[in-house]
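I set out to look up a few places in this model, one entry at a time, and to write down what I found for each.

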Amino acid sequence: DLGTDQCALEIESDASEGESILRVPLRGEGTNISRQTDVFEQVSGREVDVLFVIDGSGSMSEEQRNVADNLGQFLQTAELLDNEFQIGVTHLDLGSTQDFQGQNYEAGELIGDPPFLTPSTPNYQTEFSNRVRMGATGGSQEAGLEAARIALSDPFITDEGTACNRDADCAEPYNFCRQGTCGGRNAGFLREDASLEVVIVSDEEDQSTATPAFYTDFFRSIKG
């Protein structure tokens with residue numbers, strides 16, 4: 001079967017923790033070339049995707065300000081290590097939270113437009129500060145590990161592949177048009193050859209629904 005095919009693999013579990021059904025988008029390309037050469041290149045220290053999961057509850061204004069004010073030092077280190085970085089910000093409440101402009105974002109959605117920042121994003125330091133300073137609009141369940149899992153899972157992280165010119169050309173749940181392709185809001189953030197760093201900032205104990213071992217397995221399933 002030459003050409004590209006895609007489908008979704010659904011894994012059903014009766015485990016007491018986590019979701020009962022895990023949906024994994026799959027894509028493959030058939031070819032009649034009999035020889036395949038796989039090349040694995042060490043990329044550590046060059047490409048890094050950084051997900052900030054920020055507590056938006058009422059007691060967090062000082063911590064949000066500290067994170068925003070210290071981005072410069074963070075980026076100096078990234079430049080020293082020659083990192084090609086992407087930075088996304090989401091909140092850790094399992095309900096919705098507003099950004100500094102009053103826009104609502106559900107758990108796992110990367111805040112802002114564009115959804116993540118790169119060295120080529122205009123005024124990216126100011127944009128980062130605005131996204132981190134989400135105020136005190138969050139709820140009472142601080143679940144940083146679960147919010148990170150949602151942000152890095154289907155449908156948010158999936159590049160569905162349908163060509164588009166605007167969001168209206170895309171269908172649920174992949175209703176976001178980025179660079180001419182439909183996908184989830186966070187599509188493009190998780191790069192195959194980049195390392196992944198997750199930074200959770202909160203002043204409360206984590207209230208995620210599963211055990212730390214469950215989330216450890218999830219993150220290892222992405223990056224080993």
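**Entry 1: Thr118.** The model I am reading is a predicted one, and I began with Thr118, which I located in the loop between strand 7 (116-117) and helix 3 (124-132). I then asked whether Thr118 counts as buried or exposed. Its relative accessibility came out at 16%, so I noted Thr118 as buried, given that the cut-off for buried is under 20%. Looking at its side chain, I found a polar contact with the side chain of Ser120, at 2.9 Å. When I set aside residues up to four places away in sequence, the residues that Thr118 touches were Phe85, Gln86 and Tyr124.

**Entry 2: the cores.** Phe85 came up again when I turned to the largest nonpolar core, which has 21 residues and in which Phe52, Phe85, Ile87, Val89 and Phe128 have the most contacts. Which elements give two or more residues to this core? I listed strand 3 (47-54), helix 1 (61-69), helix 2 (71-80), strand 4 (84-91) and helix 3, and I noted that strand 3 gives the most, with four residues. I also recorded a second, separate core of 16 residues, which includes Leu51, Val53, Leu152 and Phe219. As background to this entry, nonpolar side chains in soluble globular proteins tend to be buried together.

**Entry 3: Val89 and Met134.** For Val89, leaving aside neighbours within four places in sequence, I wrote down contacts with Phe52, Ile54, Glu109, Leu110, Ile111, Phe128, Arg131, Val132 and Met134. I followed the last of these names to the loop between helix 3 and helix 4 (144-151), where Met134 has its place. Met134 is buried, because its relative accessible area is 2%. I also checked Met134 against Ser57, which lies 77 residues away along the chain, and found 9.1 Å between their C-alpha atoms.

**Entry 4: the largest pocket.** My last look-up was the largest pocket, for which I have a volume of about 1,200 Å³. Its lining has 37 residues, and those closest to the centre are Arg23, Val24, Pro25, Leu152 and Ile157; Leu152 I had already entered as part of the second core. Strand 1 (3-12), strand 2 (21-30), strand 8 (159-163) and helix 5 (212-223) are the elements that give two or more residues to the lining, and strand 2 gives the most, with seven. How do the lining residues divide into nonpolar, polar and charged? I noted 18 nonpolar, six polar and 13 charged.

Conventions:
Residues numbered from 1 in each chain as written. Predicted model: local features only at pLDDT ≥ 70, side-chain atom pairs only at ≥ 80, totals over all residues. Heavy atoms only, no water. 1 Å grid on protein atoms, 1.4 Å probe; cavity = no way out; pocket = protein on both sides within 12 Å on 5 of 7 lines; lining within 4 Å. Points joined across faces, edges and corners; volume = space filled by probe spheres on them. Nonpolar A, V, L, I, M, F, W, Y, C, P; charged D, E, K, R; others polar. Buried < 20%, exposed > 50% of the residue type's maximum accessible area, 1.4 Å probe, protein only. Polar contact = N/O pair within 3.5 Å; in protein donor to acceptor, adjacent residues only side chain to side chain. Contact = heavy atoms within 4.5 Å. Core = buried A, V, L, I, M, F, W, Y, C linked by side-chain atoms within 4.5 Å.
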